[in-house]
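Please open the structure in a viewer and keep the selection panel at hand. The stops below are meant to be followed in order.

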Amino acid sequence: MTIERTLSIVKPDAVSKNQIGEIIHRFERAGLKVVAAKMLRLSKERAEAFYDIHKNRPFFNDLVNFMLTGPVLVQVLEGDNAIAKNREIMGATNPKDAAPGTIRADLAESIEANAVHGSDSPENAKVEINFFFTPAEIYSRA
């Protein structure tokens, strides 16, 4: 058993459709625990800094602009193999490719408005968590 932490973002489209509770419920039902959470509205500079890894990709500006359309809920999820489990629960980035029953298959509108973000590796999880949270804001619930 490998207890990990991963960053999860409920994106503006899901927040505006009042899907926060449904999304958190899916994570908790799968055994992940929310150990930190906050709602915020990203500035352009902050969104660009967060998605800097994609700055040379053709979708970068559209992604940044989408993340500015409304508030987001950022959270840290903790649990056994949390990174892989979170990604499985989210489903493929493109909702059309996502398995039935995943968040993106059930709740997302498009590849751009795809409801959630999740860290893709232990290294990125650590960087992404530190981007939004200080250690004092994270409460393990073992």
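The tour passes from the sheet to two helices, then to a pocket and a loop residue. The model is a predicted one.

**The sheet**

Begin by selecting the four strands of the open sheet, which are ordered β2-β3-β1-β4 and pair in the antiparallel sense. Which strands stand at the edges? They are β2 (33-40) and β4 (116-118); each has a single partner strand, so one side of each is left without a neighbour in the sheet. On average, neighbouring strands are turned by 20 degrees against each other, direction ignored.

Next, isolate β1 (residues 3-10) together with β4, an antiparallel pair held over 3 bridges. Within this pair, display Val10, which stands opposite Val116 in β4.

**Helix α2**

Add helix α2 (residues 20-29) to the view. This helix lies across β1, β2, β3 (72-80) and β4, and α2 runs at about 10 degrees to β3.

**Helix α7**

Now select helix α7 (residues 122-132) and show its side chains. Ala125, Glu128, Ile129 and Phe132 are buried. They cover an arc of only 100 degrees around the axis, which puts them on the same side of α7. Turn the helix to its other side, where Glu123, Lys126 and Val127 are exposed. What do the buried residues of α7 pack against? Their partners are the strands β1, β2, β3 and β4 and the helices α3 (44-50) and α5 (82-90).

**The largest pocket**

Keep α7 displayed and turn to the largest pocket, which holds about 680 Å³ of space. Its lining comprises 28 residues; to find the centre, select Tyr51, His54, Phe59, Leu63 and His117, which lie nearest to it. Then colour α3, α4 (60-67), α5, β4 and α7, each of which supplies at least two residues of the lining. Which element gives the most to this lining? It is α7, with 4 residues.

**Pro71**

For the last stop, select Pro71 in the loop between α4 and β3. Its relative accessibility is 29%, so Pro71 counts as partly exposed. Draw a distance from its C-alpha atom to that of Val10: the two atoms are separated by 9.0 Å, although the residues are 61 residues apart along the chain. Finally, show the contacts of Pro71, leaving aside its neighbours within four places in sequence: Lys11, Pro12, Val15, Met39, Leu40 and Arg41.

Key. Residues are numbered from 1 along each chain as its sequence is written. This is a predicted model: local features need pLDDT of at least 70, side-chain atom pairs count only at pLDDT 80 or more; totals for chains, interfaces and linings use all residues. Side-chain values use heavy atoms; hydrogens and water are left out. Two strands pair if DSSP finds at least two bridges between them. Axes are lines fitted to C-alpha atoms, for helices over the stretch in contact, and angles run from 0 to 180 degrees between N-to-C directions. Contact means heavy atoms within 4.5 Å. Buried means under 20% relative accessible area, exposed over 50%, partly exposed in between (1.4 Å probe, protein chains only). The arc is that of the directions from the helix axis to the C-beta atoms. On a 1 Å grid over the protein atoms alone, a cavity is a set of points where a 1.4 Å probe fits but cannot get out, and a pocket is an open set with protein on both sides within 12 Å along at least five of seven lines; lining residues have an atom within 4 Å of a point. Grid points are joined across faces, edges and corners, and a volume is the space filled by probe spheres set on the points.
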